[in-house]
Structures are given as C-alpha cells and as structure tokens.
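Here's a quick walk through one protein model, from its empty spaces to its sheets and helices. Have the viewer open as you read.

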Amino acid sequence: MDNPADAVLFPGMGPARAAELGRFLVVDPRARRLLGVAERALGRSLLDPLAREGEEYTEHTQIAFVLASLALAERAEAEHGLTPVAVGGASFGQRAAVGRGGALALDELVRLVDAVARVERAYFTTAHQDLVSQFVYRTPEPALDGLLDGIGHERSGRFDDEVHLVTLRESALDDFVRRVRAAGGYALTTMRPAAHARALGGLRDRLAQEVFGRFGFSDPVLPIVSDQDGEPVRTGDEAASLLLESTVDAVRLPELVHRFARLGVGRVLVAGPDHLLHRLPGLNAAFTLVRADVKDVLKPRRRARAVAA
C-alpha cells in the first residue's frame with residue numbers, strides 16, 4: 001500500500017491492576033498532566049483509592065484506564081510519527097476513543113466515566129447478578145453454535161473469526177466452559193458484571209435518564225469508527241449514542257477492522273493496557289500493529305531498581 005494511513009485503536013478493559021495504573025499515572029509526564037485534569041474535574045484524589053484497590057472494576061480503575069490509554073496514545077503518536085485519520089475502541093475502549101476523537105473534553109469524559117460506573121454499580125447490586133459474559137478463543141462460529149445448544153445466551157461480541165463474547169447465566173457457565181475446552185477452545189476472561197447484552201435494557205434506560213443527558217458531545221475532530229457496525233461517527237449525538245448503546249449492542253470488531261481498511265489505514269496503534277487485541281489474527285493480518293502499553297513504560301524503572309540493588 002502506498003503511503004498507508006494511521007489509526008488508533010483503544011483496547012477494552014480486561015483485568016487491570018489499580019496499583020500499576022496508579023504508578024503509570026505518576027511516572028509518565030503526559031499521564032501526570034491528564035491526572036491533574038481528572039482530579040480537578042472530580043474534586044477528589046484518584047491516586048489514593050487506586051493505592052487501596054486490586055483488580056476491582058471500580059470507577060477509579062475505569063477512569064485510570066482511560067487516562068492511561070489516552071496518555072499512551074499521545075506518547076506513541078509522537079514517538080512513532082503517527083498521524084491518525086480515524087480512531088476506534090473495542091468495548092470499553094470506545095470511551096477513550098470518544099476523548100481522542102474530540103467528541104468530549106477530558107474533564108467531561110472523566111465525569112462521564114465516573115457517573116456511568118456509579119450507576120452501573122448501583123444497578124448490578126440488585127439486577128442481573130446471575131449474568132456473566134464469557135470470552136472464548138479458538139472457537140469458530142459454526143462450532144460455537146453447537147456448543148451453545150440448549151444454553152440460554154446472548155452473543156455479546158465477535159472480536160475475530162474464533163474469538164467471541166457470550167452472555168449467559170452463571171449457573172450454566174461451568175457446562176459451557178467444559179464444552180469449549182472439550183472442543184479444543186479456550187475460555188478466557190469471565191466478565192462480572194455482564195456487558196453488551198439486550199438483557200441490560202434497564203441499565204441502558206437508567207444511563208440515558210440519569211447520566212447522558214447531562215453531557216454535551218461535540219462533533220468529532222477525527223472520525224470515531226463504531227465497534228458495533230463499523231460506521232464512522234461524525235456528530236456529537238452519534239458519539240453519545242455509541243457509548244450509550246454499547247450497553248445493549250454486541251461488539252462486532254471485524255466491522256471496525258474492515259472500515260479502517262476502507263479508509264486506507266495500514267498501521268494501527270493499539271494504545272492502552274491490552275490483553276486481547278494485539279493477539280487477534282485478523283487485526284494482525286490486516287495492519288501493522290504498534291503497541292503502547294503501561295508495562296512498556298514501567299519496565300525501565302523495574303530494571304533500574306534491580307541494577308541498583
């Protein structure tokens with residue numbers, strides 16, 4: 001491809017160590033600047049709760065994940081001379097994408113992530129506690145159909161030809177995982193609470209009523225490619241809808257990949273703590289991937305401490 005274009009892709013939020021995110025927000029100069037904006041927007045410390053938490057899916061870890069992803073993107077774009085023509089995110093990564101795309105200022109984005117997380121926590125205290133979303137790997141679509149036979153479920157995501165997210169009752173999880181392994185597949189992360197499922201319509205309605213009406217989204221400066229249908233998001237209303245509807249709409253990442261390709265993208269920056277995207281065969285086959293992860297920034301400090309010891 002002649003002069004291929006660049007794009008940024010933000011990963012979804014897998015298991016994230018709060019203390020590691022906190023260290024990155026202190027160590028990296030760009031992250032420190034974003035942290036300052038975030039703490040002023042929140043009116044409270046973000047580092048203090050991060051120091052006390054583990055891998056909980058709290059509002060603090062969610063905000064820290066978004067800040068880290070944005071700082072890593074800024075750092076890698078400068079270091080590698082990247083000039084993105086589009087931006088996207090997988091699942092939770094769309095929050096950072098909306099920020100990088102210019103649809104929501106950072107202080108507003110931080111307040112949005114905080115508010116959404118609090119409503120979600122309150123909602124799942126009483127609703128759908130029996131639902132989980134399970135990642136499966138090396139499980140082709142035709143095989144998955146058979147493995148789910150007789151198990152009530154929703155398809156919550158297709159990340160690659162053999163990587164899927166399925167929402168089901170936790171009481172059926174052991175049977176489903178056993179079937180996947182017997183067929184030669186792998187069961188990866190189990191998401192609690194569940195995500196991207198029509199069963200969560202009540203949560204979507206609460207978020208619409210209690211959160212999203214408080215925020216004004218701008219038309220993006222960069223097209224934000226939807227991970228739900230691959231369409232470019234070009235207005236503020238569409239950006240808000242992208243985040244809100246992700247509560248109930250399945251992730252269809254190949255659609256985003258195809259859209260990037262149609263935009264002439266040849267190099268994709270995966271910016272953020274990533275456990276999945278850089279491993280996807282389809283993404284690697286379509287683009288040259290540039291990775292920017294928290295661990296890459298923290299490693300030199302670990303080595304320096306080892307030498308000093």
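How many nonpolar, polar and charged residues does the lining of the largest cavity have? It has five nonpolar, one polar and four charged. Keep in mind that the model you're looking at is predicted.

**Cavity and pocket**

The structure has one cavity of 30 Å³ or more, and the volume of the largest cavity comes to about 80 Å³. If you want to select the lining, pick Pro15, Ala16, Arg17, Glu20, Leu21, Pro273, His275, Asp293, Val294 and Lys295. Two helices, helix 1 (18–27) and helix 13 (294–308), each give at least two residues to that lining.

Then there's the largest pocket, with about 930 Å³ of space. Its lining takes in 42 residues, and Met13, Gly14, Tyr57, Phe135 and Met191 are the ones nearest the centre. Sorted by class, the pocket lining has 26 nonpolar, nine polar and seven charged residues. Among the elements, helix 6 (106–126), strand 3 (131–137), strand 6 (186–191) and helix 9 (201–210) each bring at least two residues to the pocket lining.

**Two open sheets**

Strands of a sheet pair through backbone hydrogen bonds, either parallel or antiparallel. One open sheet here has six strands in the order 8-7-2-1-10-11, and its pairing is mixed. Strand 8 (232–233) and strand 11 (288–292) sit at the edges with a single partner strand each, so one side of each has no neighbour in the sheet.

Another open sheet is built from five strands in the order 6-3-5-4-9, again with mixed pairing. Its edges are strand 6 and strand 9, each with a single partner strand, so one side of each is left without a neighbour in the sheet.

Here are some of the strand pairs, with a bridge partner for each:

| Strand pair | Sense | Bridges | Example partners |
|---|---|---|---|
| Strand 4 (153–160) and strand 5 (163–169) | antiparallel | six | Glu154 and Thr167 |
| Strand 4 and strand 9 (251–252) | parallel | two | Arg158 and Arg252 |
| Strand 3 and strand 6 | antiparallel | four | Val136 and Ala187 |
| Strand 1 (5–10) and strand 10 (265–271) | parallel | five | Leu9 and Val270 |

What joins strand 4 to strand 5? That's a hairpin, which makes the link through two residues.

**Helices on the sheets, and on each other**

Helix 4 (59–80) lies across strand 1, strand 2 (84–89), strand 10 and strand 11, and runs at about 135° to strand 10. Over on the five-strand sheet, helix 8 (173–182) lies across strand 3, strand 5 and strand 6, running at about 5° to strand 3.

Now back to helix 1, one of the helices that line the cavity. Helix 1 packs against helix 2 (29–42) at an angle of about 100°, and their axes are 5 Å apart. Why call the two roughly perpendicular? Angles of 65 to 115 degrees count as roughly perpendicular, and therefore helix 1 and helix 2 fit that description. On the helix 1 side the contact uses Phe24, Leu25, Val26 and Val27, which meet Pro29, Ala31, Arg32 and Leu35 of helix 2. By class, the residues of this contact are seven nonpolar, no polar and one charged.

Technical notes. Residues numbered from 1 in each chain as written. Predicted model: local features only at pLDDT ≥ 70, side-chain atom pairs only at ≥ 80, totals over all residues. Heavy atoms only, no water. 1 Å grid on protein atoms, 1.4 Å probe; cavity = no way out; pocket = protein on both sides within 12 Å on 5 of 7 lines; lining within 4 Å. Points joined across faces, edges and corners; volume = space filled by probe spheres on them. Nonpolar A, V, L, I, M, F, W, Y, C, P; charged D, E, K, R; others polar. Pairing = 2+ DSSP bridges. Axes fitted to C-alpha atoms, helices over the stretch in contact; angles between N-to-C directions. Parallel < 35°, antiparallel > 145°, perpendicular 65-115°, else oblique. Contact = heavy atoms within 4.5 Å.
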